Amino acid sequence: MKNKFPFNSLFRPEDIKQIDHAGKRILERVGIKIHCRFSLDLLEKSGVRIDHNAQIARFETDWLNETLAQAPSQFVLYSRDGINDVHMGTGHVNFSNGGRVFRILDMGTGGYRLTMLRDVANTAALVNQLDNIRLYIISCQAHDIEPRYYHLNNFYYALNHTTKHVMGGCDNLDGVKQMWELAGFVAGGKENLNQKPFVSVITNPISPLTFGYDTLDILKFCCKNKIPVSCAPAPVSGTTAPVTLAGTLSQMHAEALAGVAMAQVYAPGARVLYGAVPSTMDLRNMEYTMGSLEMALMNAAAVELAKLYHLPIYASAGVTEAKRPDIQAGCEKSLSNLMVAMSGADLIHLAAGMLDSGNSISYEQYVIDNEIIGMVYKILSGIRVSKETLGSDVIEQVGPGGNYVMADHTVEHMMEEFFYPDLAVRCNFDIWEQRARPNMLSRAKERVEKILKENMDGLLDPELIAEIKVRFPGIQNI
C-alpha cells in the first residue's frame with residue numbers, strides 16, 4: 001500500500017456546506033421520483049414521506065443523516081490475485097479506465113470502427129499490465145454479442161484477461177444475475193465471493209431526480225448480495241441540471257445521497273460509493289463537453305461533498321473532446337486528472353483510454369493515460385523531506401565544485417526520487433533522428449502491440465474455462 005497523499009482543497013469550506021445544505025433541501029422539499037412501488041413502500045416503512053400518487057419520496061434531514069451513517073466509510077474492491085486490492089475511504093487515490101463506449105480508434109487503419117467483444121478482452125489485458133490503472137471497468141458496448149448474454153460475455157472476457165477488480169454497468173436485473181452467477185462460479189462459491197467480491201456494479205439514476213425501475217432493481221440486488229455498487233448521477237449543466245455549476249452540484253448531491261441512503265434501506269451496511277459524473281454542454285452549439293474544465297471543477301467539488309459524510313467516492317476525470325491522442329487530449333486529461341486527484345477522490349473513473357467526450361476509446365490512449373496518471377501520482381506524493389533526503393552529509397563530502405553523479409547517495413535515491421516516463425522522448429536531437437523520430441503516440445502503439453501479443457491467452461485455468469463454458473452456454477468465442 002502506497003503512502004497517503006496530502007490533499008489540498010480548491011474550495012472554501014463554507015461554499016461546500018452551502019451546496020450540501022441546498023442538496024438536502026432538494027431532498028426534503030422536491031424529493032426523488034421512485035419508479036418502484038416496492039421501494040416506495042420500503043422507504044415509507046423506514047420513515048420517509050411518500051406521495052404515492054406522484055411516486056415521490058421526500059427525505060427529512062434527520063432521517064437522511066441517520067441512514068447515511070449506516071454506510072461504511074471504508075471497504076475494499078478486491079482483486080483476484082490479492083495484489084491489486086483497491087482500498088476505498090483510506091485516503092488513497094485510485095484511477096480506472098472508463099466504459100460503455102460504442103466506437104474505437106483503430107490506429108492500424110487510422111479510422112474509427114464499432115467496438116467488439118475482442119475489445120473488452122484486449123482492454124482488460126492492457127489494464128492488467130498498466131500499473132497506474134488500479135482496476136478495470138468494462139470498456140465498451142460489444143456489437144457482436146447477442147443482447148440477452150451481453151453482461152455475461154463482458155464479465156467473462158474481463159475476468160479472463162485481468163486479475164484486477166472488475167467493475168461494470170449493467171442494464172437490467174437479468175444482466176446483474178448473469179454476472180453474479182459467473183463471478184460466484186469463478187470464486188469457487190457464492191460465500192467466497194461474498195467475503196472478497198472482485199466484481200462491482202455501476203448504476204445511474206436519471207437526472208433530474210429520478211430513479212428508474214431497473215436502477216432500483218440492480219441496486220437492491222447488489223446490496224442484498226454484498227456486491228459493491230456505485231450509484232452515480234450524471235447531470236449535465238444547462239440540460240438535465242441548472243446551468244450554474246453550484247446548481248448542478250446541489251442536484252447531483254441530492255441524487256447521490258439518495259442513492260446511498262436507498263442502498264442502506266435495502267441492506268444496512270451495504271458497500272456503496274457516492275457517485276459523481278457531472279458534466280457540461282457547450283451551450284453555444286449544444287455540443288456535449290465531457291472533457292470541459294467545468295466538469296473537472298465539479299468533480300473535485302463532489303469529492304468534498306462526499307467527505308462531509310465520510311463516504312468513499314466514485315468521481316470522474318481524464319475525459320477529452322479530442323478525437324485522437326493529441327495535444328488537446330493531453331491538456332484536458334492531465335488537468336482534470338490532477339485536479340480531481342488533488343481533491344482526494346477514492347476512485348477516479350474515465351481516467352484512461354477515453355476520447356471524443358467519452359464516446360470512444362483508443363488502445364494507445366490507455367498507455368498514454370497510464371503515463372499521465374503516473375505523473376499525477378508523483379505530484380501527489382510530494383517531496384520527501386528527512387535527514388537522509390536533505391543530503392547534508394553528501395553535500396559536505398562533495399563540497400564546492402564537486403560532482404554528485406557517482407556518489408552513493410545518488411545511487412541509493414535516484415530511482416525513487418524521480419518519475420521516469422516510458423513514453424516521453426528524452427534524448428538529444430541527433431539520437432532522436434537516428435531512432436526515426438519517436439513520439440509518445442508511436443511508443444504507445446509499440447507497447448500496445450507488445451502487451452496484446454504477449455497476453456493473447458486468457459488468465460483463467462483452462463479446466464475452469466471448460467467448466468464455465470458448459471455451465472454458461474451463452475458465452476461466445478472471439
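**A guided reading of the predicted model**

The lining of the largest cavity is made up of two nonpolar, five polar and one charged residue. The model in which this cavity is found is a predicted one. The residues in question are Ala125, Asn128, Gln129, Asn160, His161, Asn455, Asp457 and Leu459. The volume enclosed is about 30 Å³, and a search of the whole structure finds one cavity of 30 Å³ or more.

From the cavity, the reader may turn to helix α4, which spans residues 117-129. Helix α4 packs against helix α5, residues 150-159, at an angle of about 30°, and the two axes lie 8 Å apart. The crossing of this pair is right-handed. On the α4 side, the contact is made by Leu117, Val120, Ala121 and Ala124, while α5 contributes Asn153, Asn154, Tyr157 and Ala158. Sorted by class, the residues of this contact comprise six nonpolar and two polar, with no charged residue.

Methionine 116 belongs to the loop that runs between strand β8 (111-114) and α4. Its relative accessibility is 21%, and methionine 116 therefore counts as partly exposed. When neighbours within four places in sequence are left aside, methionine 116 is in contact with Cys140, Ala142, His143 and Asp144. Arginine 134 stands 18 residues from methionine 116 along the chain, and their C-alpha atoms are separated by 23 Å.

A further residue to consider is asparagine 299, which is located in helix α10, residues 293-307. Asparagine 299 counts as buried because its relative accessible area is 0%, the cut-off for that class being under 20%. Beyond its neighbours within four places in sequence, asparagine 299 has contacts with Ala276, Val277, Pro278, Ala315, Ser316 and Val340.

The last feature is an open one, the second largest pocket, which holds about 580 Å³ of space. Its lining consists of 27 residues, of which Gly99, Arg100, Ile202, Asn204 and His349 are the closest to the centre of the pocket. Three elements, β10 (166-169), β11 (199-203) and α8 (213-224), each give two or more residues to this lining. By class, the lining of the second largest pocket divides into 14 nonpolar, 11 polar and two charged residues.

Note on methods. Residues numbered from 1 in each chain as written. Predicted model: local features only at pLDDT ≥ 70, side-chain atom pairs only at ≥ 80, totals over all residues. Heavy atoms only, no water. 1 Å grid on protein atoms, 1.4 Å probe; cavity = no way out; pocket = protein on both sides within 12 Å on 5 of 7 lines; lining within 4 Å. Points joined across faces, edges and corners; volume = space filled by probe spheres on them. Nonpolar A, V, L, I, M, F, W, Y, C, P; charged D, E, K, R; others polar. Helix = DSSP H or I, 4+ residues; strand = E, 2+ residues; numbered from the N terminus. Buried < 20%, exposed > 50% of the residue type's maximum accessible area, 1.4 Å probe, protein only. Contact = heavy atoms within 4.5 Å. Axes fitted to C-alpha atoms, helices over the stretch in contact; angles between N-to-C directions. Left-handed = near helix turned anticlockwise from the far one by under 90°.
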